[in-house]
Every structure is written in C-alpha cells, then in structure tokens.
Amino acid sequence: MKPQERAEKSAEAMWAADQASKWLGLSLDEVAPGVATMSFTVQEHHLNGHRICHGGYIFTLADSAFAFACNSYNSVTVAQENSITFLSPGQPGEKLTARAIEQSRAGRTGVYDVTVTGVDGRKVALFRGLSRTINGNNFEEKE
C-alpha cells in the first residue's frame, strides 16, 4: 500500500469514530503521511465572554489536526503532551484552519507542529504536540 493511501484509509477509519470533531463542526480537509489540515467556522456557540473564539475550541481544532497527522501511518497514536500559544483572536463567522506537520518521528515518539490561521492568513495560534504510538492499527491492512 502506498503511503498516501495508508494515510487516507487511516483518516477515514478515525473520522468514522470521531464524534467530538464532527459535533464541533470541524472538517478534515487534507491528510498525507505526517500531515493533516482541518478547519471550522467560528459560530455563536464557539464564542467566549469577549465575543471571540474560545481558546478551548482553537486548541481542539489544533489537537484534532495533530491526531490525524500522527495517525497517518496506520499505527494507533495518542497525545503524550501538547502546548499552545494564542497569538490573535478568532472572530465570529471566521473560518479557522489548522495545519499539522510532522517535525520528527523516531521509535514510538513523534513531534508535530500545528499552525492555526485565520482567513486573512494571520497566525491565530501555534501548537506543539508530542505523540506516543501504542498497540493497534486504525484499520486492518492486508499484507
């Protein structure tokens, strides 16, 4: 199986069970080996008391992109540690996009950087995720 096909099948299997991302209105826009892009449009229920996108939703968007990127090799992989830096607010009605890119993958550990951007291209947040591969696969791969 080619790496791109493996990444797509892994994403398809994960998306089928990912109720949290669907419930929040996220969309999976792209997946490739070690890479994923997700987005959502900031709606009223995403706003905090300052009428900007709640940081928890921005974190969730970045974390979900990270999850699809680090699971793109068909090995069940979970978050070990994450951090985020908020740079600018997400505005009501604005589409936010998170692009996760693998920086390192060695043994069972990976490092992924996620950049969340607004429609104008400005950086909304920078997220770093450390992953840990555990037992299992996202789908049954025939030899």
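A salt bridge, as used here, is a side-chain nitrogen of Lys or Arg within 4 Å of a carboxyl oxygen of Asp or Glu. The model is predicted, so local features need pLDDT of at least 70 and side-chain atom pairs count only at pLDDT 80 or more, while totals for chains, interfaces and linings use all residues. Residues are numbered from 1 along each chain as its sequence is written, and side-chain values use heavy atoms, with hydrogens and water left out.

**Exercise 1. The salt bridge of glutamate 94**

Task: find which residue forms a salt bridge with glutamate 94, and where the two residues lie.

Solution:
- Step 1. The partner of glutamate 94 is arginine 122, and the closest N and O atoms are 2.6 Å apart.
- Step 2. Glutamate 94 sits in the loop between strand 3 and strand 4 (95-106), and arginine 122 in the loop between strand 5 and strand 6, so the pair ties together parts that are 28 residues apart in sequence.
- Step 3. Now check accessibility, where buried means under 20% relative accessible area, exposed over 50%, and partly exposed in between (1.4 Å probe, protein chains only). Glutamate 94 is buried at 8%, whereas arginine 122 is partly exposed at 24%.

**Exercise 2. Other salt bridges**

Task: state how many salt bridges a search of the whole structure finds, then examine those of arginine 128 and arginine 51.

Solution:
- Step 1. The search of the whole structure gives six salt bridges.
- Step 2. Arginine 128 meets aspartate 113 through their side chains, at 2.6 Å from N to O. This pair links distant parts of the chain, with arginine 128 in strand 6 and aspartate 113 in strand 5, 15 residues apart.
- Step 3. Both ends are partly exposed: arginine 128 has 39% relative accessibility and aspartate 113 has 24%.
- Step 4. Salt bridges that share partners also join Glu94, Asp120 and Arg122 into one network.
- Step 5. For arginine 51, the side-chain partner is glutamate 44, at 3.0 Å from N to O. Here arginine 51 is partly exposed at 45%, and glutamate 44 is exposed at 53%.

**Exercise 3. A charge without a salt bridge**

Task: work out what surrounds the side chain of aspartate 18, which has no salt bridge.

Solution:
- Step 1. Locate the residue: aspartate 18 lies in the loop between helix 1 (3-17) and helix 2 (19-24). Helices (H or I, at least four residues) and strands (E, at least two) are DSSP runs, numbered from the N terminus.
- Step 2. Look for opposite charge, counting Lys and Arg as positive and Asp and Glu as negative, with His and the chain ends not counted. Aspartate 18 is buried, and the nearest side chain of opposite charge, lysine 22, is 7.4 Å away.
- Step 3. Look for a polar contact, meaning a pair of N or O atoms within 3.5 Å; within protein, one must be able to donate a hydrogen and the other to accept it, and residues adjacent in sequence count only if both atoms are side-chain atoms. The side chain of aspartate 18 makes such a contact with the side chain of serine 21, at 2.8 Å.

**Exercise 4. The partners of strand 6**

Task: describe how strand 6 (residues 123-133) pairs with strand 3 and with strand 5.

Solution:
- Step 1. Two strands pair if DSSP finds at least two bridges between them.
- Step 2. Strand 3 (residues 77-86) pairs with strand 6 in the antiparallel sense over nine bridges. Within strand 6, arginine 128 is the bridge partner of serine 83.
- Step 3. Strand 5 (residues 109-117) and strand 6 are antiparallel too, over nine bridges. Opposite lysine 123 in strand 6 stands threonine 117.
- Step 4. The hairpin of strand 5 and strand 6 has five residues between the strands, and there glycine 121 takes a positive phi near 90°.

**Exercise 5. The chain as a whole**

Task: list the elements of the chain in order and judge its compactness.

Solution:
- Step 1. The chain holds three helices and six strands, which run α-α-β-β-α-β-β-β-β from the N terminus on.
- Step 2. The radius of gyration is 15 Å, close to the 15 Å that the globule rule gives for 143 residues, so the chain is as compact as a globular protein of that length. This radius is taken over C-alpha atoms, and the rule is 2.2 Å times the number of residues to the power 0.38.
- Step 3. Along its principal axes, the C-alpha trace spans about 50 × 25 × 25 Å. Of the 143 residues, 38% count as buried.
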